[in-house]
Amino acid sequence: MVSFGEPWPEFNDGIYYRDLVRASGSGATLIEFYSRKYESSAPLHGWLQRIHNKQITIDGCLATDPNTILREGAELVYHRLPWKEPDAPYLLEILYEDNDVIALNKPSGLQVLPGGLFQQRTVLTQLQLRAGNLTTSGCQEAHPVPVHRLGRGTSGILLCAKTKLAKSRLAAFFADGTSNVGIYRRNDPQQKAGRSITKIYRALVSGIIIEDEIIIEQPIGLVRYPGVAKGLYVASPSGKPALSKVVVLERDMLRKSTLVQVEIQSGRPHQIRIHVSFIGHPLCLAGDPLYGTGGQPKCSNHEVVNQSFAEDGGYERPGKPVPGDCGYHLHAHRLVFPHPVTNEVLTESLF
């Protein structure tokens with residue numbers, strides 16, 4: 001099987017965050033703008049430190065006075081300094097490739113898209129590096145991009161598009177199942193016929209599941225959680241519909257664990273982790289560090305914020321578990337999808 005990937009540099013390139021001052025922000029000071037809009041990134045004195053370190057420009061000029069009055073239309077740029085990202089694998093196996101799509105075997109520990117501490121050590125970066133090398137050697141290949149996500153700790157099949165057309169069509173296929181989750185039900189004979197994408201995972205869960213098959217229809221919503229700016233996805237009655245079908249493959253009475261196959265119609269973030277936890281069987285191996293019984297975080301206090309600070313003035317990584325933490329066994333085992341150009345049904349399986 002063909003693999004590709006380039007070793008990660010010790011430090012990334014940092015990030016440039018751009019903002020355009022709107023009418024509502026006109027008249028505010030520089031420090032007021034950043035400390036209010038990006039409160040989750042750093043406290044007030046952290047933003048003062050960044051201004052004094054000459055990490056912010058206004059219309060291309062360095063801004064060193066935190067009390068500078070902003071005007072509507074001004075362009076602000078904050079440069080987050082380079083940092084050493086946590087260790088992550090970099091090699092990716094190619095399972096299938098043509099001019100429009102590429103299917104990869106993603107290893108556990110590698111993030112798909114930039115986010116949090118991982119801005120460079122991602123699948124997207126390796127795809128872009130490979131595309132750049134192929135273009136340099138005379139192959140006019142478009143920049144590929146993943147069309148769905150797998151959690152950092154999840155391994156297995158990841159589908160990527162290589163053209164804008166393929167991306168838009170594949171994204172529509174994936175969205176179709178999620179948008180129709182409230183329509184399809186366990187006894188609906190039209191369920192399979194109405195779906196474009198079939199996603200099947202294998203997971204090792206804690207405890208012995210007695211039933212041979214379980215349908216989980218538990219909505220998933222957001223709650224506040226330290227270290228996760230946009231909130232943490234959990235089992236929530238007021239959340240969005242989500243549907244998972246769990247089939248038992250093997251029961252290990254000695255280790256008190258169950259190997260299951262999980263087919264998901266919807267694609268809510270961390271859906272499988274939340275659903276199997278909801279029925280009292282969290283993922284195991286070393287164990288799911290985040291989700292416990294009931295599909296809720298093991299750390300019950302969602303409101304506590306870590307008040308320790310990093311060298312650049314921002315908050316330190318929270319001591320409590322976050323969604324990107326690994327330690328569980330979840331594998332994207334099988335993917336069935338229509339080719340975005342030919343409509344041929346393709347199947348990829350990975351054991």
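# Close-up views of a predicted model

By the distance rule for side-chain nitrogen and carboxyl oxygen atoms, the count comes to 8 salt bridges. The model shown in every view is predicted, and residues are numbered from 1 along the chain as its sequence is written.

**View 1. A salt bridge between Lys37 and Asp19 joins a helix to a strand.** Lys37 forms a salt bridge with Asp19, and the closest N and O atoms of the two side chains are 2.7 Å apart. Since Lys37 belongs to helix α1 (residues 30–37) while Asp19 belongs to strand β2 (residues 15–20), the pair ties together parts that are 18 residues apart in sequence. The two partners can be told apart by their surroundings: Lys37, with a relative accessible area of 47%, is partly exposed, whereas Asp19, at 7% relative accessibility, counts as buried because the cut-off for that class is under 20%.

**View 2. The side chains of Asp87 and Arg121 meet in a salt bridge between two loops.** The N to O distance in this pair is 3.9 Å, and the salt-bridge rule asks for a separation within 4 Å, so the contact is counted. Asp87 sits in the loop between β5 (75–80) and β6 (92–97), and Arg121 in the loop between β7 (101–106) and α3 (123–136), so that parts 34 residues apart in sequence are tied together. Which partner of this pair is exposed, at 68% relative accessibility? Asp87 is the exposed partner, while Arg121 has a relative accessibility of 7% and counts as buried.

**View 3. Asp212 and Arg251 form a salt bridge that links a loop with strand β14.** Their side chains meet at 2.8 Å, taken from N to O. The pair links distant parts of the chain, with Asp212 in the loop between β10 and β11 (213–216) and Arg251 in strand β14 (residues 244–252), 39 residues apart. Asp212, at 54% relative accessibility, counts as exposed, and Arg251, at 32%, counts as partly exposed. Elsewhere in the model, Glu97, Arg130 and Lys162 are joined into one network by salt bridges that share partners.

**View 4. Strand β18 is mostly covered and pairs with β9, β10 and β19.** Of the 9 residues of β18 (residues 330–338), 8 are buried. Strand β9 (residues 155–161) pairs with β18 in the parallel sense over 2 bridges, and the bridge partner of Ser155 in β18 is His331. The pairing of β18 with strand β10 (residues 198–206) is antiparallel and runs over 6 bridges; here Thr198 stands opposite Val336 of β18. Strand β19 (residues 345–349) is also antiparallel to β18, to which 5 bridges join it, and Leu335 stands opposite Glu348 in β19. How many residues lie between β18 and β19 in their hairpin? There are 6 residues between the two strands, and in the turn Asn343 has a positive phi of about 70°.

**View 5. The largest cavity is lined in part by residues of β10 and β18.** The structure holds 2 cavities of 30 Å³ or more, and about 50 Å³ of space lies in the largest cavity. Its lining consists of His148, Ile157, Lys199, Ile200, Tyr201, Ala332, His333, Arg334 and Leu335, and the elements that give two or more residues to this lining are β10 and β18. The largest share comes from β18, which contributes 4 residues. Sorted by class, the lining has 5 nonpolar, 2 polar and 2 charged residues. Leu335, one of the lining residues, is also the residue of β18 that stands opposite Glu348 in β19.

**View 6. An open sheet of 4 strands has β2 and β4 at its edges.** The strand order is β2-β5-β3-β4, and the pairing is antiparallel. Because β2 and β4 (61–62) each have a single partner strand, one side of each is left without a neighbour in the sheet. Within this sheet, strand β3 (residues 56–58) and β5 pair in the antiparallel sense over 3 bridges, and the bridge partner of Ile58 in β5 is Leu76. Strand β2 of this sheet is also the element that holds Asp19, the partner of Lys37 in View 1.

How values were computed. This is a predicted model: local features need pLDDT of at least 70, side-chain atom pairs count only at pLDDT 80 or more; totals for chains, interfaces and linings use all residues. Side-chain values use heavy atoms; hydrogens and water are left out. Buried means under 20% relative accessible area, exposed over 50%, partly exposed in between (1.4 Å probe, protein chains only). Two strands pair if DSSP finds at least two bridges between them. On a 1 Å grid over the protein atoms alone, a cavity is a set of points where a 1.4 Å probe fits but cannot get out, and a pocket is an open set with protein on both sides within 12 Å along at least five of seven lines; lining residues have an atom within 4 Å of a point. Grid points are joined across faces, edges and corners, and a volume is the space filled by probe spheres set on the points. Ala, Val, Leu, Ile, Met, Phe, Trp, Tyr, Cys and Pro count as nonpolar, Asp, Glu, Lys and Arg as charged, and the others, Gly among them, as polar.
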